Amino acid sequence: MSRVEHIENQIRQLSPEELCMFRDWFASYDAVMWDQRFERDVEAGKLDELAERALLDHKADKSTKL
């Protein structure tokens, strides 16, 4: 059994209250992990091309005012 399968089985055994607590914890944990990944990608320049295209589209009046 893989680690993920083991975790899945453990989650299935949680009470509704425990599942709620886990869900809250995981949502927070996942958000932090996503933010860290995003920051690493920005620092590595992985989003530079997208930003440049967005700025060019905006200068060409192809953007929508929010």
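1. A salt bridge here is a side-chain nitrogen of Lys or Arg within 4 Å of a carboxyl oxygen of Asp or Glu. With that in hand, have a look at Arg37, Asp41 and Lys46, which are linked in a network of salt bridges. Please keep in mind throughout that this is a predicted model.

2. Which residues make the individual links? The structure holds two salt bridges. In one, the side chains of arginine 37 and aspartate 41 meet at 3.5 Å, N to O. In the other, aspartate 41 pairs with lysine 46, and here the closest N and O atoms are 3.7 Å apart. As a general point, side chains of opposite charge can pair when their charged atoms come close.

3. The geometry of the arginine 37 link is easy to follow on the helix. Arginine 37 and aspartate 41 are four residues apart in helix H2, so about one helical turn separates them. In general, an α-helix has 3.6 residues a turn, so residues three or four places apart point the same way.

4. Is aspartate 41 buried or exposed? Aspartate 41 counts as buried because its relative accessibility is 16%, and the cut-off for buried is under 20%. Its two partners come out otherwise: arginine 37 is partly exposed, with a relative accessible area of 46%, while lysine 46 counts as exposed at 54%. Leaving aside neighbours within four places in sequence, aspartate 41 is in contact with Lys46 and Leu47. So if you click on aspartate 41 in the viewer, Lys46 turns up both as a contact and as a salt-bridge partner.

5. Now the helix itself. Helix H2 covers residues 16-43. It has 28 residues and reaches 40 Å from its first C-alpha to its last, close to the 40 Å expected at 1.5 Å a residue. Just after H2, glycine 45 takes a positive phi of about 80°.

6. On to the rings. How many aromatic pairs does a search of the whole structure find? The search finds six. One of them is tryptophan 25 with tyrosine 29, a stacked pair at 5.1 Å centre to centre with 15° between the planes. These two are four residues apart in helix H2 and therefore separated by about one helical turn. Tryptophan 25 counts as partly exposed at 48% relative accessibility, and tyrosine 29 is partly exposed too, with a relative accessible area of 38%.

7. Tyrosine 29 has another ring partner worth a look. Phenylalanine 26 and tyrosine 29 form a tilted pair, 6.3 Å centre to centre and 40° between the planes. Both lie in helix H2, three residues apart, about one turn of the helix. Why is phenylalanine 26 called partly exposed? Because its relative accessible area is 38%, and partly exposed runs between the 20% and 50% limits.

8. Step back and the rings join up: ring pairs link Phe22, Trp25, Phe26 and Tyr29 into a cluster. There is a surface side to this as well, since Trp25, Phe26, Tyr29, Val32 and Met33 form a nonpolar patch with about 470 Å² of accessible area together. Trp25, Phe26 and Tyr29 therefore appear in the cluster and in the patch, if we apply the rule that patch residues have over 30% relative accessible area.

9. What about phenylalanine 22, which is in the cluster? Phenylalanine 22 also sits in helix H2 and counts as partly exposed because its relative accessibility is 28%. Leaving aside neighbours within four places in sequence, phenylalanine 22 is in contact with Ile11 and Leu14. Phenylalanine 22 and isoleucine 11 are eleven residues apart in sequence and 8.5 Å apart in space, C-alpha to C-alpha.

10. Finally, helix H3, residues 48-59. Its twelve residues should span 16 Å at 1.5 Å a residue, and because its end C-alpha atoms are 16 Å apart, the model agrees with that expectation. Just after H3, aspartate 61 takes a positive phi of about 60°.

Key:
Residues numbered from 1 in each chain as written. Predicted model: local features only at pLDDT ≥ 70, side-chain atom pairs only at ≥ 80, totals over all residues. Heavy atoms only, no water. Expected span 1.5 Å × (residues − 1). Buried < 20%, exposed > 50% of the residue type's maximum accessible area, 1.4 Å probe, protein only. Contact = heavy atoms within 4.5 Å. Patch = residues over 30% accessible without salt bridge, like charges linked within 9 Å, V, L, I, M, F, W, Y side chains within 5 Å. Areas by Shrake-Rupley, 256 points an atom, 1.4 Å probe, with all protein chains shown as cover. Phe/Tyr/Trp six-rings, centres within 6.5 Å; stacked < 30°, edge-to-face > 60°.
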